[in-house]
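Hi everyone, thanks for making time. I'd like to walk you through one model today, so please have a look at the screen.

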Amino acid sequence: MQLRIFFKSFPETSKCPSCGKIGTIRRSRAKNFVELSIKSTRIANFYKCRECGWRGILRKYSVNKYSFITLFFYALLIVSVAYVITQVLKNNFGEQ
Ligand SMILES: [Zn+2]
């Protein structure tokens with residue numbers, strides 16, 4: 001079982017959203033303040049396609065179907081731990 005929710009993706013090796021070619025995506029420098037602030041979040045980055053000239057934002061992290069399963073297990077764990085804690089508190093400090 002995996003415990004991670006976010007997976008690092010590598011836009012450099014993924015398909016170009018415009019022309020669909022693989023391996024043509026290169027990182028692009030931020031051109032203005034807005035782009036710079038997006039880049040500073042480290043979630044996404046600017047990329048450019050060498051083939052067709054496409055330029056845009058690609059996320060550096062992605063979620064997959066296992067992320068939701070993991071998230072569900074975390075939620076289940078939190079709920080069950082909370083339940084156990086309330087039961088222990090009730091048994092020890094609650095009114096009889
Ligand atoms: Zn392209």
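I'll start with the whole chain, move on to the sheet, and end with a helix.

One thing up front: this is a predicted model, so keep that in mind as we go.

Okay, the overall picture. The protein chain has two helices and five strands. If you read from the N terminus, the order is β-β-α-β-β-β-α. Now, how spread out is the protein chain compared with a compact globule? The radius of gyration comes out at 22 Å, and the globule rule for 96 residues gives 12 Å, so the chain is well over that and more spread out than a compact globule. You can see it in the dimensions too: the C-alpha trace spans about 75 × 30 × 15 Å along its principal axes. And of the 96 residues, just 5% count as buried.

Next, the sheet. Three strands make an open sheet, in the order 2-3-4, with antiparallel pairing. Strand 2, residues 25-27, and strand 4, residues 55-59, are the edges, and each of them pairs on one side only. From one strand to the next, the twist averages 45°. A quick reminder for anyone new to this: strands of a sheet pair through backbone hydrogen bonds, and they can do that parallel or antiparallel.

So how many bridges join each pair here? Strand 2 and strand 3 are joined by three, while strand 3, residues 44-49, and strand 4 are joined by five.

Let's put some residues on that. Follow lysine 48 in strand 3: arginine 26 has lysine 48 as its bridge partner, and on the strand 4 side lysine 48 stands opposite arginine 55. Right beside that in the numbering, tyrosine 47 has glycine 56 of strand 4 as its bridge partner.

What about the hairpin of strand 3 and strand 4? There are five residues between the strands, and glycine 53 in that hairpin takes a positive phi near 85°.

Last stop, helix 2. This helix covers residues 65-93, which is 29 residues. From its first C-alpha to its last, helix 2 reaches 42 Å, close to the 42 Å expected at 1.5 Å a residue. And how many of those 29 residues are buried? Zero, so to speak a bare helix: helix 2 is hardly covered.

One last number, on contacts. Taking those with a separation of 6 or more, 52% are between residues 24 or more positions apart.

That's my tour, thanks for listening!

Note on methods: Residues numbered from 1 in each chain as written. Predicted model: local features only at pLDDT ≥ 70, side-chain atom pairs only at ≥ 80, totals over all residues. Pairing = 2+ DSSP bridges. Helix = DSSP H or I, 4+ residues; strand = E, 2+ residues; numbered from the N terminus. Axes fitted to C-alpha atoms, helices over the stretch in contact; angles between N-to-C directions. Expected span 1.5 Å × (residues − 1). Buried ≥ 20, exposed ≤ 12 C-beta atoms within 10 Å, placed from the backbone. Rg over C-alpha atoms; globule rule 2.2 N^0.38 Å. Contact = placed C-beta atoms within 7 Å.
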